[in-house]
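Open the model in a viewer and keep the selection panel at hand. The stops below are given in the order in which to select them.

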Amino acid sequence: MEIIMADYYGTCFGVDRALDMTNEALNNYDTLYCLGELIHNRRVVERFEKRGLKVINDLESLDLKEGKKPTLILRSHGVGKAAYEYCKYNDIKIIDATCPKVKKIHEIVESYSSDGYSIIIFGNENHPEIIGIKGWSAGKAYIYSDLDDFIDNHKEDLSKSCIVFQTTYNTDKFNKIKEYFNNSPNNDIIFKSTICNATERRQNACRKLAGECDIVLVVGGKQSSNTKKLFEIGKEICKNTFWIENSNEIPYNLIKNTKRLGITAGASTPLWVIEEVILNVRKK
Ligand code: SF4
């Protein structure tokens, strides 16, 4: 069996940066709080938890009794402006691992909304990145999953609107939206292509891989939005595409007669998890 790796896969610059910052912080602090899971990969988070990382779901659960000054790491997904204000007010030290590409979207949203623009965000409304991005708008902000959702539900005047995208947004859906707004007569729309090229590269590489293989394994946490998108893209082209979190989930019975097996991984999947999968596939 030939194992083919996608041209681009695994952790991106933003996740690597957040992991390095956490690693370093845990050398300096006995306890480090993180608002939400640091990355969507339970095994990685568990390793950090053993060294003192504590995942909290809301800032109010931090112990702020007199004299306590907790240290909080902000993950690559970023948070809304209110979280920074809360930390400042309560003397909580922040180590900011927000990916600079997400930070850039925060700046766009803050700046245009302060100038009176409505913000239109395309992405998953429940994803922390999108919740964080919306949290930088000083005025109206709307979230839509795709073009159909926008056409069906956006009832506001489009003049003075600024459009941004989740960094992991599907590039095919993005192109449809771009075409739609290119044909719009409204020239007071600010259109910002905020998809991260790490995502685009991984999605294109997954498309190519799925076209070349009999089976594709997409490795990544089940909460990871970018892994889900890789899985969807792979599945459209190669019906034998499987989303696995680790080597325990390899569909061994299906791969034994495979000639060409492709492997890709989401942006929050560290190399050691991918290597473990490759090793176990080879063993069978
Ligand atoms: S996918 Fe892109 S935007 Fe998201 S963390 Fe990675 S580098 Fe940053």
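The tour goes through the domains, one interface and the ligand site.

This is a predicted model, in which local features need pLDDT of at least 70 and side-chain atom pairs count only at pLDDT 80 or more, while totals for chains, interfaces and linings use all residues. Residues are numbered from 1 along each chain as its sequence is written, and side-chain values use heavy atoms, without hydrogens and water.

Colour the protein by domain: domain 1 is 2-10 + 198-283, domain 2 is 13-98 and domain 3 is 101-195. These bounds come from an automatic or database domain assignment.

Next, show domain 2 and domain 3, whose C-alpha centres lie 28 Å apart. Their contact (heavy atoms within 4.5 Å) takes 11 residues from domain 2 and 10 residues from domain 3. The buried area (accessible area, 1.4 Å probe, lost by two parts on being put together, summed over both) is about 830 Å², with 61% from carbon and sulfur atoms. On the domain 2 side, select His 77, Lys 81 and Thr 98: these lose the most area to domain 3, together 50% of what that side buries.

Keep Lys 81 and add Glu 110; their side chains form a salt bridge at 2.8 Å, N to O. The rule (side-chain nitrogen of Lys or Arg within 4 Å of a carboxyl oxygen of Asp or Glu) finds one salt bridge across this interface.

Finally, select the ligand. Which residues surround the ligand? They are Cys 12, Gly 14, Cys 99, Lys 101, Thr 167, Cys 196 and Thr 199, each with a heavy atom within 4 Å.
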